[in-house]
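This note sets out, point by point, what may be read from the model shown below. Please keep the structure in view while going through the points.

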Amino acid sequence: MLQRHATVADVRSALKKLPSPQALVPTMGALHEGHLELLRAARKKVGPEGTVVVSIFVNPIQFDRAEDLENYPQPLEEDLALCEQEGVDVAFIPKAGSLYQKDHSVIVTDSLLSRHLCGATRPGHFDGVLTIVLKLFNICQSDYAIFGKKDFQQLALIHRMVRDLDVPVEIIGHPTVRENDGVALSSRNRKLTAEQRADAPRIQRALAAARDLVTTGEQNPQTYIEAARHHLLKEKPEDFSIDYLELVDHLTLQPISKLTAPATLATACFYGAVRLIDHIEIYP
Ligand code: AMP
């Protein structure tokens with residue numbers, strides 16, 4: 001039976017009474033199969049007797065565009081039904097904004113891993129993400145927390161925060177869940193028109209085509225970036241544009257000058273106002 005809690009005090013006292021180990025899956029709701037896979041991974045990790053906690057909170061301080069926050073889908077009852085089906089024990093659903101004091105002034109800031117990729121094009125986004133994630137860790141005090149590799153920069157930052165601030169939680173990264181045509185599942189996909197959705201496999205296809213250059217021994221990052229750009233823009237729809245396209249070291253997330261170690265080719269693209277991210281690993 002799924003317990004719902006809306007306040008910090010309630011969820012804390014509920015979790016104290018529930019068995020360990022406990023695993024937390026932070027989400028912003030609008031749950032899809034990708035989120036459900038994280039819930040299943042959480043259950044697998046804690047076992048049938050352990051506790052699976054999901055948080056559903058559209059975190060206002062991580063949105064750099066007000067319209068993006070306003071348009072974020074929030075089908076709460078559907079989400080809770082899915083959590084129930086998946087055997088989640090506790091849903092933490094704080095009221096919008098209630099997690100932050102009106103005069104809150106302390107945030108978590110990274111100074112390295114957020115310099116490029118989404119961090120460069122979405123100012124303040126990762127400060128917002130790290131702050132809410134640390135708050136959720138402190139509130140729930142779970143043994144494990146599961147995050148998707150789809151948001152690989154976010155996952156890298158959370159690993160870094162946990163390491164640098166000695167947060168007592170084990171982070172588990174879960175592989176990206178994709179549709180049959182290669183499109184990564186995302187709550188944003190439902191905002192695409194049918195034409196945009198049909199075109200969206202171009203993103204993963206372009207990254208894979210660039211990645212395949214590795215078989216030629218190519219080491220120049222620019223060659224990979226240009227190949228991906230070519231495929232992204234080839235016969236593109238009018239409303240399609242690239243936000244960023246970068247090849248970065250997979251650990252430091254800094255641009256590389258030569259491909260000699262595992263790297264990540266990552267992009268964010270717009271279909272109209274809908275922004276989709278994706279990436280691919282390249283192993284030289
Ligand atoms: P969100 O609700 O978008 O903040 O996502 C909540 C969690 O689900 C994050 O850890 C995401 O990385 C993860 N997630 C979202 N989409 C996918 C996907 N397609 N595959 C794997 N994990 C995902």
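1. The model under review is a predicted one. One of its sheets is open and has three strands, in the order β7-β8-β9, with antiparallel pairing. Strands β7 (240–249) and β9 (274–282) stand at the edges, each with a single partner strand, so one side of each has no neighbour in the sheet. On average, neighbouring strands of this sheet are turned by 15 degrees against each other, direction ignored.

2. The pairing can be followed residue by residue. Strand β8 (residues 263–271) runs antiparallel to β9, and nine bridges join the two. Within this pairing, Thr 267 has Asp 278 of β9 as its bridge partner. As general background, the strands of a sheet pair through backbone hydrogen bonds, in either a parallel or an antiparallel manner.

3. Two helices should be considered together with this sheet. Helix α9 (residues 202–211) packs on the sheet and touches β7, β8 and β9. The direction of α9 makes about 25 degrees with that of β9. Helix α10 (residues 221–233) lies across β7, β8 and β9, and runs at about 155 degrees to β7.

4. A second sheet deserves separate attention. Six strands form this open sheet in the order β1-β4-β3-β2-β5-β6, and the pairing is parallel. Why is one side of β1 and of β6 left without a neighbour in the sheet? Strands β1 (3–5) and β6 (170–174) stand at the edges, and each has a single partner strand, so no neighbour is present on one side of each. The average turn between neighbouring strands here is 25 degrees, direction ignored.

5. The pairing of β1 offers a short example. Strand β1 pairs with strand β4 (residues 90–92) in the parallel sense over three bridges. Gln 3 stands opposite Val 90 in β4.

6. The next matter is the ligand. Which residues come nearest among the 16 around the ligand? They are Met 28, Gly 148, Asp 151, Val 177 and Leu 185. By class, the shell around the ligand contains eight nonpolar, six polar and two charged residues.

7. Individual distances to polar atoms may be checked in turn. A side-chain N or O atom of His 35 is 3.0 Å from an oxygen atom of the ligand. At Gly 148 a backbone N or O atom lies 2.9 Å from an oxygen atom of the ligand. At Leu 185 a polar backbone atom is 2.8 Å from a nitrogen atom of the ligand. The ligand on its own has 490 Å² of accessible area, of which the protein covers 93%. The elements that give two or more residues to the shell are β2 (22–27), α2 (33–46) and β5 (144–148).

8. Two backbone details remain to be noted. What kind of peptide bond joins Ser 20 and Pro 21? The bond is cis, with omega at about -5 degrees, and Pro 21 lies in the loop between α1 (8–17) and β2. Ala 30, in the loop between β2 and α2, has phi near 55 degrees, a positive value in a residue other than glycine.

Notes:
Residues numbered from 1 in each chain as written. Predicted model: local features only at pLDDT ≥ 70, side-chain atom pairs only at ≥ 80, totals over all residues. Heavy atoms only, no water. Pairing = 2+ DSSP bridges. Helix = DSSP H or I, 4+ residues; strand = E, 2+ residues; numbered from the N terminus. Axes fitted to C-alpha atoms, helices over the stretch in contact; angles between N-to-C directions. Contact = heavy atoms within 4.5 Å. Near = heavy atom within 4 Å. Polar contact = N/O pair within 3.5 Å; in protein donor to acceptor, adjacent residues only side chain to side chain. Areas by Shrake-Rupley, 256 points an atom, 1.4 Å probe, with all protein chains shown as cover. Nonpolar A, V, L, I, M, F, W, Y, C, P; charged D, E, K, R; others polar.
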